[in-house]
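Subject: Structure for you to look at

Hello,

Here is the structure I said I would hand over. Please open it and keep it in view while you read the notes below.

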Amino acid sequence: MVNSLKNDLRKRSELGAIVTLLRPFLRLGHLVVVFGLLAAVPGYAQGVNVVQYDTLKRELDARITFDSLPKRAEPGLNFNAPMRMGRTLLGQHFEGQSRQVADGFDRISGAPTAPLTLRPGPPGRNLSVALHRGFESNALFPLGQAGFPALDARGEGALAILFDQGQRAIALRLHSDYPAPLGDAPKPGHVTLQLYTRQGQLVARHKAPLTTGVTDIGLRRTGGLPDIAGVIVTNDDPGGIAIDDILYQTAPAAF
């Protein structure tokens with residue numbers, strides 16, 4: 001029995017030594033788990049938090065509606081140059097970035113050069129504005145590879161937004177498709193927003209699922225930093241997207 005007790009004590013001592021050796025790694029493992037959980041929270045560690053569109057509609061003082069332009073049925077009006085809307089410029093990408101096409105949709109890659117500078121797409125593959133039945137108003141269509149006035153081009157391109165001043169929060173509304181009477185419409189895709197500082201640094205990359213009809217998106221900078229200078233919007237929705245009611249701030253921040 002004495003030998004058995006000695007063996008038991010020796011095993012416990014050896015186990016304690018092993019635990020002592022592994023303790024730093026166990027702590028590191030806990031940190032990895034914690035950071036993994038934080039990274040999985042939408043908006044956290046990406047530099048932005050998701051906010052209700054209606055909340056930002058009450059807070060922000062400017063809205064782009066495109067209704068100052070003539071109302072034309074689709075394919076609408078074609079714009080090959082950057083569009084000045086309020087205190088923003090609209091185009092396709094930023095200087096220093098490149099455009100690729102994947103499965104028919106524009107993809108914008110690369111780091112923008114500083115300071116952030118807007119660039120349009122090639123003629124016929126930049127932007128168009130048309131009267132949109134879903135919004136019951138004018139809406140913006142980023143034009144894809146097929147080019148204006150092709151149906152396949154509407155809403156499959158990329159949109160770049162350059163703000164005259166840094167933003168603490170931004171919001172916009174997107175229309176992805178109309179409900180199918182027989183329920184056989186393809187499943188909606190996703191929209192991706194890449195937010196940049198004036199120096200071309202990536203603030204956040206936010207990907208969200210689209211719904212049939214209108215999808216509202218609102219994002220607020222973590223910590224309230226007013227450093228969002230530009231946004232790239234891309235999507236992979238089978239029917240493409242229309243964009244309207246872009247919210248941003250023009251008045252100086254009160255705090």
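T197 sits in the loop that runs between β14 and β15. The model is a predicted one, so please read everything here as computed from that prediction. Is T197 buried or exposed? Its relative accessibility is 7%, and because buried means under 20%, T197 counts as buried. Apart from neighbours within four places in sequence, T197 is in contact with L116, V203, D227 and A229.

The two strands on either side of that loop are paired. Strand β14 covers residues 190-196 and is joined to β15 by seven bridges, with the two running antiparallel. One bridge to look up is that of L195, whose partner in β15 is A204.

Both strands belong to an open sheet of six strands, with antiparallel pairing. In what order do the strands of this sheet lie? The order is β4-β5-β12-β17-β14-β15. At the edges are β4 (83-85) and β15 (202-209), each of which pairs on one side only. On average, neighbouring strands of the sheet are turned by 20° against each other, ignoring direction. When you look at a strand, keep in mind that in a regular one the side chains alternate between the two faces of the sheet.

Next is a hairpin. It is formed by β10 and β11, with four residues between them. In the turn, E136 has a positive phi of about 60°. Strand β10 (residues 127-132) runs antiparallel to β11, and six bridges join them. H132 stands opposite S137 in β11. Six of the six residues of β11 (residues 137-142) are buried, so the strand is largely enclosed by the rest of the structure.

H132 also turns up among the contacts of H175, a residue of strand β13 (residues 169-175). H175 has 6% relative accessibility and therefore counts as buried. Leaving out residues up to four places away in sequence, H175 touches H132, G134, F135, G213, V214, G240, I241 and A242.

Last, a pocket. The second largest pocket holds about 250 Å³ of space. Which of its 17 lining residues are closest to its centre? They are E74, F141, R154, G239 and G240. G240 is also one of the residues that H175 touches. By type, the lining divides into six nonpolar, six polar and five charged residues.

Regards

Definitions and conventions:
Residues numbered from 1 in each chain as written. Predicted model: local features only at pLDDT ≥ 70, side-chain atom pairs only at ≥ 80, totals over all residues. Heavy atoms only, no water. Pairing = 2+ DSSP bridges. Axes fitted to C-alpha atoms, helices over the stretch in contact; angles between N-to-C directions. 1 Å grid on protein atoms, 1.4 Å probe; cavity = no way out; pocket = protein on both sides within 12 Å on 5 of 7 lines; lining within 4 Å. Points joined across faces, edges and corners; volume = space filled by probe spheres on them. Nonpolar A, V, L, I, M, F, W, Y, C, P; charged D, E, K, R; others polar. Buried < 20%, exposed > 50% of the residue type's maximum accessible area, 1.4 Å probe, protein only. Contact = heavy atoms within 4.5 Å.
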